[in-house]
Amino acid sequence: MSNADTPEADLLTDAVAPAIQLKGISKAFGPVQANKNISISVKPGTIHGIIGENGAGKSTLMSILYGFYKADSGQILINGAETQIPDSQAAIRAGIGMVFQHFKLVQNFTVLENIILGAEDGPLLRPSLNKARGVLKQLAEEYELNVDPDAVVEHLDVGHQQRVEILKALYRQADILILDEPTGVLTPAEADHLFRILENLRKEGKTIILITHKLREIMDATDTVSVMRRGEMTATVQTSETSPERLAEMMVGRKVLLQVKKTPAEPAGPILEVENLRHVDEQGVERLKGISLDVRGGEILGIAGVAGNGQSDLLEVLGGYAEGTGTIRVRGKEIDLTGRHSDGQSRRADGIAHVPEDRHREGLIMPFTAWENMIFGYHRDPGIQSGPLMDNAAIKTEAAAKMERFDVRPPDPRLAARNFSGGNQQKIVLAREIERNPDILLVGQPTRGVDIGAIEFIHQQIIRLRDEGKAILLVSVELDEIFSLSDRIAVMFDGRIMGERVPSETNEQELGLLMAGITDTAHAHVPASPMAMSEAELQKAAVEAPEPTTPEPPAPPPSEAASDTQPSAKAKDAPGKSKDHQEKPRPSESVASLSATLPQSTASVPRQPPPRQDPQESDPNG
Amino acid sequence: MDFLTTLQVLDSAIRLATPLLLACLAGLFSERAGILDIGLEGKMLAAAFFSAATASITGDVWLGLGAGIVASMALSLVHGLASITFRGNQLISGVAINFLAAGLTVLIAQAWFSQGGRTPSLIGTGRFEPLTLPGAEMLTGIPLVGPIYSELISGHSILVYVAFLMVPLTWWLLFRTRFGLRLRAVGEAPEAVDTAGVSVVGVRYVAVCICGILCGLAGAYLATALQAGFVKDMTAGRGFIALAALIFAKWRPWHALYACLLFGLLQAVALRYQNIDLGAFVVPVQFMDALPYILTVVILAGFVGKAIPPRAGGQPYVKES
C-alpha cells in the first residue's frame, strides 16, 4: 500500500538528511553483547520496520535511542546533526517519541493527565489541561486518534490505551515515532486501526520506526525493513523488493518453512471421547453447552473459533482444573469430572497432557528454574523419587537432556523460566508434556507470542506426536495455524460445536460463518462467495444466529461511545488481518468482518471481570 | 451532657486531632509518592524531643520548632536515602527509624537534662500559647455562635490552625498543580514519569522532605503546645494511628481530616470520661483509653472497605525497558 509512492519519496529524500542515523552503535550487558556495531539510516517520512526474533537486540537499540541506556560506543545523528541522548528528556527534545510494548501510563489518571505529565506548561494544571484538550481534539481529527480525554486510563481497552501513548508522543511534538511490538496486545481490528493511524502520520511527514517480529505487519505497513539477528543488523532492504520467506531466512539465519510439511493422517480408533460436556463458570454462565467430540489416535483435531466462545473452558475441563458434567472417556475408560480425582495430576495419570493457553499463568512458574518447571505435574512420579525426597540430580540431568532435544536456548536448566524468550518457554512446556509420552495432548494457542523459528519447531513437534499415533486436540484462534496443522476442524461458537470440517474440503469463508454461529449457509445466501453478501444480509444472517446467553450485555467501556465519534468507526475496524505468519493471501476478509457485525457478545463474551470501578480513587475532591 | 461540656470535649478533640492530622498529611505526601512511611512515629518523637530541648535551653519556642523540623527532616532523609537511593526495604527502614528515635531521644534527654529521660517543663516563651482570635471575647455573650467561636474555634495554638489549613493546601497541591500531578504519578507508575523525562528520584525526595517537615510540626506541637516538655515515648503510637487514619481516608486529604477528627474525638472522650457508668456495669477507664487503638485495629482489619494504596507504594524504582 505505502510502497506505491516510494520512488517519489526517494527523489524527495535523497537530498534530505536521514531522520535518524546510527553509526557503529554497540552495547554490552556484562558478557552479553546486545548490540554489535549497528549502523542504520532512516529516511524521513517513511515507515521503517525493524524485524528480528526476541532477544535479537531490537529493544536495546531503541532504548539507546530513547535515552534509557547509554551506548558503549557509536554515534547518533538526528536530522543530520550529531545528538547526545543521555536521558529520555533529551530524546523528547530531539523529537523522538516512543510507544513501549508495555504502556507507560498512570492507570488511575485521566487521558488528559497522562498526556500532560512531564510536559506541563506551568506550575498550575488547569492551563495545561485546557491546552491539551484542544490539541487532542485536533490530533483526533487529523489522525483518527479518537480517545475520550476525560476517560480514566484503566477503563480503556488496550487499543485506546495505545492511542494515548501515541498521543503523548505527538503532544510532545515528536517527529520520529518508535513503536515497540505495538500489535502484540491488540486484536486484529485494533491492529488494523493502528496501521491506518501510522499511515496517516506518515502522510503528515512523520518518521515511524516499527519494531516487530511479525512478518505480515512488515510486509503490509513498511517502506523499508532492517533485519536484526543476535545483536547485529544483518540487512536493510526495500520492503517491496523482499518477501516474507527472505525476511524469515534473514531473521533466523537459515531457511524457514512458513508452511508445515505433513503427511495425511492415518487415524486409528478414538482415544478421547467427549459426550455432552457442560460447564458453568464462577459467574454462573454456562460456557459449555453440551460438547460432543472425539479425537482418534494419529490425528489432530483443531478447534477453531473466536476467542471466548468456550474453547478455554473446554481445555480447562479436559485438563482437570475446572469441573464439568457429561462424559469423558480415555481409551474407553470413563474419567471423573468432579471431586478428588479431577485435577491436573489425575488427568496426567490418565494419559492426558496439557499445554495450556497461557503459559505464564498456567504453564510455568516464572521465577522457578527450568528444571523445576519441567517436573511440575509429574513430581510424584516414582521414577524421580529418592526415598522421601525428590532426586534433584536426576531431574536436572533429565531436564538438560530434554532441553537439548527441544532445542531450548540457552540449554541451561538452572535458569529461571522468566529468563527464556517466549518461544523457548513454550518449548519447555512442550518438552515437559510431550516427553512423558501421553496418549492425548491438549494444546492451547501453541505459538502465541512465539518467534517464527520456534513456531516451525513447535509445529513439527506436534505433528511428530501425531505421527506416533497420539490424539491431539489443538485450540487456536489463528485460523492459519488451524488450517496448517489440523486433520479435522471443529468450530466452536457460544459453547457449542457448530460443525466439523476436513481442511481440504472447506475454506476460511465457510469456517468464518461457522465461527459466527451460522450453520444454515444456504439460508444465508452465501455458498460461493460471501464477498457478494451485502452488509444487510450479513447482519441478517448474524441476527439469526443463536442468541448468546450471556446474562448481561457486555457493557462497552464508558469511553467507547464518546471516543469513537464517527458512527461507522466500528464497522471500519472490521477487516482484520490474521496476525502472525505470512501465508498465501487471504481470499476474503469475511471472517473478521462477520464477527464484527455480530452482536458484540459473540466476539468477546466478557470473561474478564468488569473494569475496576473506584471512582473515588482519583477523585480530585479527595 | 450540657452544651458547654460538649464544646469542651470537641475543643479537646481538635487539640488531640492536630498532631494526628499533621502526621497523617505527612504520610499522605510520602505514600502518594510511593514511599511507605512507617517511621512517622519516630520522626514525631525526635521532633518532639529536639523542639522541647531547644525551647527549654533557649527559651524560644520558634527555635524549638525549627530544631524539631530539622530533626524530623534528618530522619526523613535517612529514610529517603535507604529507600530511594539505595532501594532498600521501606518497611525495615521505617521500623529502624522508630527504634532509633525511641532510644536516642531518651538517651540524649538523660545526658543533657538528667531528669530521667524528660526535658524540663517549658514555661513562658518556651511554649506555644493559645491564640485568641479577634472578636472572640466580644462574641462570647451571643448564644450558640459565641461559645462555639470563642471556645471551639478560638484559643488554640498557631500550629492547630496551620494543621487545619494544611488540608486544603495539600488538596490543592496534589490535584491542581504540576507538582501534585507528578507526585501522584510517581506513586502510581514511576516508569511513566521516567519516560516522560521527569526525575523519579527527585520527586520522591521532595515528597519525603515535605513529610519530614510535617512530622516535625506534629512532634513540636506535641511537646511545645499540647504539653509542656518532652517525656519518654510521648507520641504514644500517634504515628501509627495517623497511618491508620491515612488508610481509612484512602490517601485523600479531606478524608484524612475527618478520620483524624474522629480519632481525636475518641481520645478526647477517653480523657474526659474515665469511667462511664452504664448502670448495669461500668466501662473501665482502661477500655476508654484503649478505644482509639481498638478502632485502629478494626479499621486496619478492613472495616473500611477496599482501600487501594498507590500502586507503586513500597517498591523502589528500578529503571528497565
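The domain assignment divides chain A of this predicted model into four parts: domain 1 is built from two segments, 2-95 and 175-252, while domain 2 covers 103-174, domain 3 covers 270-506 and domain 4 covers 509-603. Let us begin with how domain 1 and domain 3 of chain A meet. Their C-alpha centres lie 37 Å apart, and 9 residues of domain 1 are in contact with 7 residues of domain 3. On the domain 1 side, helix 9 of chain A gives the largest share, 3 residues. That side of domain 1 divides into 4 nonpolar, 4 polar and 1 charged residue.

It helps to keep the whole chain in mind before going further. Chain A has 23 helices and 22 strands, and buried residues make up 49% of its 622 residues. If you take the contacts in chain A with a separation of 6 or more, 70% of them are between residues 24 or more positions apart.

Now follow the strands into an open sheet of chain A. This sheet has 6 strands in the order 6-7-8-3-9-10, and its pairing is mixed. At its edges are strand 6 (96-99) and strand 10 (232-238) of chain A, each pairing on one side only. Neighbouring strands of the sheet are turned by 20° against each other on average, direction ignored. Towards one end of the order, strand 9 (residues 224-229) of chain A pairs with strand 10 in the antiparallel sense over 6 bridges. Within this pair you can find A:Val225 opposite A:Val237 of strand 10.

Two helices to look for here are helix 6 and helix 9 of chain A. Helix 6 (residues 158-171) packs on the sheet by touching strand 6 and strand 7 (176-180), and its direction makes about 170° with that of strand 6. Helix 9 (residues 244-252) of chain A also packs on the sheet, touching strand 3 (47-51), strand 9 and strand 10, with its direction at about 30° to that of strand 9. This is the helix met above, the one with the largest share of the domain 1 side that touches domain 3 of chain A.

Just before helix 6 in the chain, a loop deserves a stop. A:Val153 sits in the loop between helix 5 (125-143) and helix 6 of chain A. Is A:Val153 buried or exposed? A:Val153 counts as buried because it has 23 C-beta neighbours inside 10 Å, and the cut-off is 20 or more. Leaving aside neighbours within four places in sequence, its contacts include A:Leu105, A:Val106, A:Phe109 and A:Val111, together with A:Gln161 and A:Val164. For a sense of scale, A:Val153 and A:Pro388 are 235 residues apart in sequence and 52 Å apart in space, C-alpha to C-alpha.

Moving on to strand 13 (residues 299-304) of chain A, we come to an enclosed element. Because 6 of its 6 residues are buried, strand 13 is largely enclosed by the rest of the structure. A:Glu299, A:Leu301 and A:Ile303 point one way from the strand, and A:Ile300, A:Gly302 and A:Ala304 point the other way, all of them buried. Strand 13 runs parallel to strand 20 (residues 471-475) of chain A, joined by 5 bridges, and parallel to strand 21 (residues 488-493) of chain A, joined by 4 bridges. A:Ile303 shows both pairings: its bridge partner is A:Val475 in strand 20 and A:Ala490 in strand 21.

Strand 14 (residues 325-330) of chain A also has two pairings to trace. With strand 11 (residues 270-280) of chain A, strand 14 runs antiparallel over 5 bridges, and A:Arg278 has A:Thr325 as its bridge partner. With strand 15 (residues 333-334) of chain A, strand 14 forms a hairpin that has 2 residues between the strands, and A:Arg331 in the turn has a positive phi of about 50°. Across this hairpin, A:Arg329 stands opposite A:Glu334.

Further along chain A, helix 15 (residues 422-434) has 13 residues and reaches 18 Å from its first C-alpha to its last, close to the 18 Å expected. Helix 15 is mostly covered, with 13 of its 13 residues buried.

Finally, turn to the other chain, where 27 residues of chain B are in contact with 28 residues of chain A. Helix 7 (158-176), helix 8 (178-188), helix 9 (190-195) and helix 12 (253-272) of chain B each supply at least two residues of the chain B side. Helix 8 of chain B gives the largest share, 6 residues. By class, the side of chain B that touches chain A has 12 nonpolar, 5 polar and 10 charged residues.

Note on methods. Residues are numbered from 1 along each chain as its sequence is written. Chains are lettered from A and ligands numbered from 1 in the order in which they are written. This is a predicted model: local features need pLDDT of at least 70, side-chain atom pairs count only at pLDDT 80 or more; totals for chains, interfaces and linings use all residues. Two strands pair if DSSP finds at least two bridges between them. Axes are lines fitted to C-alpha atoms, for helices over the stretch in contact, and angles run from 0 to 180 degrees between N-to-C directions. Ala, Val, Leu, Ile, Met, Phe, Trp, Tyr, Cys and Pro count as nonpolar, Asp, Glu, Lys and Arg as charged, and the others, Gly among them, as polar. The expected span of a helix is 1.5 Å times one less than its number of residues. A residue is buried if 20 or more other C-beta atoms lie within 10 Å of its own, exposed if 12 or fewer, and partly exposed in between; C-beta atoms are placed from the backbone. Domain bounds come from an automatic or database domain assignment.
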